[in-house]
Amino acid sequence: MTKSTTDRPLIIALDYPNAAAAWTLLHQLDPRRCRVKIGKELFTREGPALVKQVIAAGFDVFLDLKFHDIPNTVAAAVAAAADLGVWMVNVHASGGPRMLIAARERLATVAQPPLLIAVTVLTSFDQAELAAVGCAGETAARVLHLARLTAAAGLDGVVCSPQEAALIRADSGARLVLVTPGVRPLTAATDDQQRVMTPAAARAAGADYLVIGRPITAAPDPLAALAAIESELN
Ligand SMILES: O=c1ccn([C@@H]2O[C@H](COP(=O)(O)O)[C@@H](O)[C@H]2O)c(=O)[nH]1
C-alpha cells in the first residue's frame with residue numbers, strides 16, 4: 001500500500017452491471033499498470049465476494065461506496081471494507097468532523113488500513129445544482145472548505161474535480177492525496193459530469209489519481225481507449 005503519486009495514476013471505474021462484464025475487462029488489464037474501482041452498482045450486484053476475487057487477481061481496489069451516515073455506522077462500514085483488503089475506501093466529507101474522525105480512528109485499529117478519503121462536491125454538480133441543495137457560494141470554495149475539514153480530521157485525501165486540484169494543492173501542499181473523477185479525453189463525451197478536465201490537464205493540476213470509467217468502459221475498444229489515455233499521460 002502506498003500514497004505514492006508517481007506510479008499507476010489510473011483508477012478504472014468498473015461500473016458494470018455484473019461480475020462477468022467486469023471480468024471481461026479485468027482479464028485484459030495489467031494490475032501493474034492500473035488500479036480499479038468498484039462502486040455502488042457492481043458491489044450491490046456482486047457483493048464482497050467479487051471485491052475479494054479482484055484483489056486476489058492482483059488489483060488494488062478502491063471501494064467507492066461513499067459512506068455517509070452517523071459516526072458509529074460509518075466507522076463500522078470502513079472497518080468492514082478494511083477486512084476485505086481494499087486499497088482505498090471513501091466517505092462523504094459532508095458527513096461532518098465527528099463522522100470523519102470516527103472513521104479514521106476505527107481504521108487506526110486495523111492491521112492493514114486502506115487509504116481513507118472523503119468526497120467533497122460530486123463532479124456531476126455545477127453551481128446551480130449546488131445552490132439547489134442549499135449550499136450558497138462558489139463550488140470551489142465549498143470544495144476547499146470540505147478538503148480542509150478532511151485534512152483536519154486526519155484523513156488521507158479527498159475526491160474532487162480536477163478543476164479544484166490546483167486550489168487544494170496550493171492550500172494543503174502534499175498533505176492530501178487528490179483523487180479526481182470528472183476526467184475526459186478531449187474527444188470523449190462528458191456524460192453526466194459537469195466539472196471535467198483532460199487526463200493530462202488533471203495530472204498537471206496536481207491530481208494524484210485519475211478515476212476514469214465510461215471513456216474506457218463504454219469505448220468501442222476499451223484497451224485502445226486506455227492506451228490513448230496512458231500515452232497522453234506519458
Ligand atoms: O465526485 C465524484 C465521485 C465519484 N465519482 C465516480 O467516478 C466514476 C466516474 O465515472 P465516469 O464514467 O468516468 O464518469 C463513477 O464511478 C462515479 O461514481 C464521480 O464521478 N464523481
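Visitor: Which residues does the UniProt annotation "domain: Orotidine 5'-phosphate decarboxylase" cover?

Guide: Residues 9-229, according to that unreviewed entry. UniProt positions follow the numbering used here, feature names are shortened, and annotations may be inferred rather than shown by experiment. Residues are numbered from 1 along each chain as its sequence is written. Mind that this is a predicted model: local features need pLDDT of at least 70, side-chain atom pairs count only at pLDDT 80 or more, and totals for chains, interfaces and linings use all residues.

Visitor: What makes up the count of helices and strands in the chain?

Guide: They're DSSP runs numbered from the N terminus: H or I over at least four residues for a helix, E over at least two for a strand. That gives ten helices and eight strands. Within residues 9-229, 43% is helix and 16% strand, and the end C-alpha atoms sit 11 Å apart.

Visitor: Why does the radius of gyration agree with a compact globule?

Guide: The rule is 2.2 Å times the number of residues to the power 0.38, and the radius is taken over C-alpha atoms. For 234 residues a compact globule would come out near 17 Å, and the chain has 17 Å, so the two agree.

Visitor: Which residues come nearest the ligand?

Guide: A13, T123, P181, G213 and R214, out of 16 around the ligand. Being near takes a C-beta atom, placed from the backbone, within 6 Å of the molecule. Strand 8 (209-212) and helix 9 (214-217) each supply at least two shell residues.
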